[in-house]
Structure formats: C-alpha cells, structure tokens
Amino acid sequence: MAVGIVHLVGAGPGDPKLITVRGLEALKKADVVIHDRLANPKLLEHAKERAQFIYCGKEASNHALSQDEINAAILKHALEGKRVVRLKGGDPYVFGRGGEEAEACVEAGVPFEIIPGITSGIAAPAYAGIPVTHRNFSSSFAVVTGHACEGNEGIHVDWARISTAVETIVFYMGVRNLPLITKKLLENGRDKNTPVALVRWGTCAVQQTLVGTLDTIVEKVREAKFTSPAIIIVGETVRLHEKLSWYENKPLFGKRVAVLHRGQQAAVEQIEELAGQPVEILLVDTVPASEDTLDTVINQLETSDRMVFSSEEGVGAFFRRIREMGEDIRSFRGGFYAVGRDASEALLNKGLFVETITDNRLNGIWAGEKIIVESEEQGKGSLVHHIREQGAEVIGWTASKKVLSEKGFAILENMIEEQALDYIAFTCPADVHAFVSLPLFKDQGRNLERLKTLCFDEETAALLHQKGVDVDYIVKDGTAVLYSSRLSVIA
Ligand code: SAH
C-alpha cells in the first residue's frame, strides 16, 4: 500500500478565518484530522463528510493523548495510505511540538509538509492594538516560553540575557508563571514601570485584554482572575493598546447574540464580522410536510398541465417520493417551471428543461389549466393565490412548514432569565412573530429591558417596532447602524 502524507497545519490563533489558503486546502482533502484544543473546532466543518477526527487535548497538564501517542496516531494513519492533517493552534513550529512530529515522520519514512500559521504571539497583540515592533518604541521582539520553571526539566530560559536583549518580549504559556516571569525580568534589569499586557483568547469574540506594568500586573491578574490561554507582552509598544485598539471597539464585541432560526448563515457571519458571538436558539423549526399531500399531487400528474417549484427542497422531496411510490415522471407530460435560482438549478440537475417564472409574467396565461404548485406560502398574496386568480385550477403543496419549537422557547426564556444574552437578532418577520408569542414577552417584558435587538432589514425592524419592541440596531452590509436612544419611530 502506498504511504499517505502528513500536513502539519497551522490553524491560526483562533479566529477561524485566520487560517491560510493552503492550510484550508489540506484540511478539505484530509482523511484524518488530528486536532488540539487551541485549533478552532469550527475549522473542522471544512473537512470531508467522512473524515475521521481525533482530538488530542493539550490543556496544560490534562493531555488527552501524550506526545508519543499523537506521533503514533499520525504515523499509523499515514502508513495506511491516508492524508493526515495535524491541525495545530497558531503556527506548528512555535511552541507547538511540530518539530518532534516532523522528526517522527522522517524516522518512519513518511512524507510530510509544513503549512505555517499565524502565531498567537503576534496575532493576539495585534487584535488588542499592540504591534510587536514599532519604529519609535521597539526594533526587536522575542518569543519566549513562560512554561519554564523549577521542575520543568529540559526548558531553560536565559533570563540574564533575554531580559534586556530585546525591546518587546512575548511570552506563551505564561499566565500561571507570571509572578516568576515578572520577578526574573525585574531582577535582570527591566524597569518596574515597563508596560505589560495579557491578551486572553486573542482574535476570538471572547478576547480579553488586561494592561499593567511589571510592578502591578501580577496583582491585576489575580484580581481579575485572568486565566490561560493568554499571551503576555512586555515592552513599550503596549502603550499603544488604547490608541490602536480596533477589534474590541467593534459594535458587538463580546456580546452574545441569539439567532432564532436555522440556516441563517449570512446573519451569523455579519454578527461575527461585528465581533459578536452568535448563539443559535431555534424558535422556528422547519419540518417536512406530510407525505399525504405529496401523494395526492403525484396521483394527479397525468392530468396536470404544468408544475411549478419554488424551492430546492421541494424538488428533492417530490422526486424522492416519486421513486418511493414506484412512479415514473414521464406520466407527466407538461412543462416545469421554477421560482428562483435554487429550484431552477435543482430541476436542471434532474435533466429537465425548466423555465423560470416571476409573478408578473403570469398574467392570465394559464387560465383554465391545471397547475401543481410547490410553495411555502399558500395564503392570500402567495404565488398559489396569484395563479388561482388568473383562472387556473391550482393544486398547491408545501415541502416543509415552519413550526414553533417548544424546546427553543424554553432555552431562550432560560437564557433571558439568566441574563446570558445581550442581543436578539431578528432575521425575518417570522422571528418577530415567534418572539412576541413567548410567554415571557407577554409577561410585561420582564428582564427584557437590558436585552437589545438587532434587525437585518427595515421590514422586520418595522414589524418589531409595531409589536412594541424597540429596535436598537439595523445591520446592513456588515456595519451596524445605531438607532438613537432606542429607536422609537420607523417611517
Ligand atoms: N503554536 C501556538 C502556540 C502553542 S503554545 C501558536 O503559534 O500560537 C500554547 C500557548 O499559546 C497558550 O498557552 C497561549 O499562551 C498561547 N495562545 C494560543 N492561542 C491563543 C489565543 N487565541 N490567545 C492568547 N494566547 C494564545
């Protein structure tokens, strides 16, 4: 059997978009992904459907797998001919033990490649407004492990030389050892007023920055109960933190934003773009419609003139049921029509000729015909209603229907009670209707005072306002527009 290949991939510091193009390519092709705690698990969504995932921990002193076990796992799968991605936080060769893994590959005769990543020691300060070098303050920086302490054999830091040899020192894995680090730096010639910053979970929506001096930082960290993972930056450029802060100034930074129904990728991305943390709480669920109606439709294929689809889901459900019933689509002699690109593509993929239609092209042309229409909306103002008004006989059916999820209601109410949310995002009018039917909402808006609202279009915002809920933000193209003092009028 041919030997596979190992890619040691830097996942970047945390923000899942900070992986390299090449890293992402390797991840998409991998058969096995061996990942650790600091590599953002969101990245795993890019892997193949059938890829195997192996988690190897790496929380200080709580390793799910030892380094020997990790090396053995990498080699085993590669020797079985698989493409192995070893996904590591930051850069694989910066305190990542990537060197040891590459050596293991060489010794076993397994081919490997290194795909560097953006290391947290540079990225976390950058997201906190701290450049590691600066023309006026710092012409050099060093990356140093903060893990060296008594009893940690094999790791030695030459404090006497490093303390004053460079302007900026960046420590990894140093939070627990901060008292020792500051002591050693002070003993070896660094001024006690030297600014120090800690950046925890840098580049992530939960990023926290704490600033002090060599003299004060230990106390501040203790008070704030600041824990790892964090990068420690020592040096004058830390003074730029306030001036150059940008990520932490984003409108939704650190805010938890509830998204109320599934598949809201665009909204989720916009929230992330504004540095918020989307929390999916599904109030509205989509469930497949009953098979009975579809069976009735299929039984009338022979006598129908045209078929209209308005969703990809509809096309899928229809052909699945045809097959299950042992029917043949050729019993239908009429034409296929699609509303929108998704439905059109799905029909084309079935090898069918399809015409795209819009409401205003319908005017009377199908009068007297029998038309099968798949559409989510069946009521007044809907496509079904419109075609019927043109004088056609319409057999309407729905591939899926929206239902309120009781579980979602309970979770949302709980989170509101616990004050675990900062914003609620309303992506469409259905979200508003669902929200205002919450018992908690009816209960005089209890606990809703501090909760802010976010809409993505004027129509939804207007509806929300009409229901008596203030609209705080409307998000357009990734920029949040603040509606002054809890918006009260929408024209
Ligand atoms: N190879 C990684 C470092 C692994 S060592 C890299 O290049 O970034 C683990 C240490 O990295 C943690 O203890 C912490 O000091 C630092 N670290 C990793 N991700 C971080 C993040 N998002 N924010 C702050 N520090 C981080």
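**Exercise 1. Is Gln419 buried, exposed or partly exposed, and where is Gln419 found?**

Solution. The structure is a predicted model, in which local features need pLDDT of at least 70, side-chain atom pairs count only at pLDDT 80 or more, and totals for chains, interfaces and linings use all residues. Residues are numbered from 1 along each chain as its sequence is written, and side-chain values use heavy atoms, with hydrogens and water left out.

Step 1: buried means under 20% relative accessible area, exposed over 50%, and partly exposed in between, with a 1.4 Å probe and protein chains only. Step 2: Gln419 has 39% relative accessibility and therefore counts as partly exposed. Step 3: Gln419 is found in the loop between helix 14 and strand 19, where helices (H or I, at least four residues) and strands (E, at least two) are DSSP runs numbered from the N terminus. Step 4: the phi of Gln419 is near 55°, a positive value in a residue other than glycine.

**Exercise 2. Describe the backbone at Thr203 and at Pro229.**

Solution. Step 1: most residues other than glycine have a negative phi, and most peptide bonds are trans. Step 2: Thr203, in the loop between strand 8 (195–200) and strand 9 (208–213), has a positive phi near 70°. Step 3: Thr203 is buried, with a relative accessible area of 2%. Step 4: the peptide bond from Ser228 to Pro229 is cis, with omega near 0°, and Pro229 belongs to the loop between helix 7 (217–224) and strand 10 (230–234).

**Exercise 3. Work out the open sheet that contains strand 10, and place helix 4 against its strands.**

Solution. Step 1: two strands pair if DSSP finds at least two bridges between them. Step 2: 5 strands form the open sheet in the order 6-7-10-8-9, with mixed pairing. Step 3: strand 6 (141–145) and strand 9 are the edge strands, each pairing on one side only. Step 4: strand 8 and strand 10 pair in the antiparallel sense over 5 bridges, and Val196 stands opposite Val234 in strand 10. Step 5: helix 4 (residues 120–127) lies across strand 6, strand 7 (168–172), strand 8 and strand 10, running at about 80° to strand 10; axes are lines fitted to C-alpha atoms, for helices over the stretch in contact (heavy atoms within 4.5 Å), and angles run from 0 to 180 degrees between N-to-C directions.

**Exercise 4. Which residues touch the most other members of the largest nonpolar core?**

Solution. Step 1: a nonpolar core is a set of buried Ala, Val, Leu, Ile, Met, Phe, Trp, Tyr and Cys residues joined through side-chain atoms within 4.5 Å. Step 2: among the 26 residues of the largest one, those touching the most other members are Leu412, Ile416, Ile424, Phe426 and Phe435. Step 3: elements that each supply at least two residues of this core include helix 14 (406–417), strand 19 (423–426) and helix 15 (429–436), and helix 15 gives the most, with 4 residues. Step 4: leaving aside neighbours within four places in sequence, Phe426 has contacts that include Leu260, Val432, Phe435 and Leu464.

**Exercise 5. Into which domains is the chain divided?**

Solution. Step 1: the bounds come from an automatic or database domain assignment. Step 2: this gives domain 1 (5–118), domain 2 (122–244), domain 3 (256–283 + 405–489) and domain 4 (288–401). Step 3: the C-alpha centres of domain 2 and domain 4 lie 64 Å apart.
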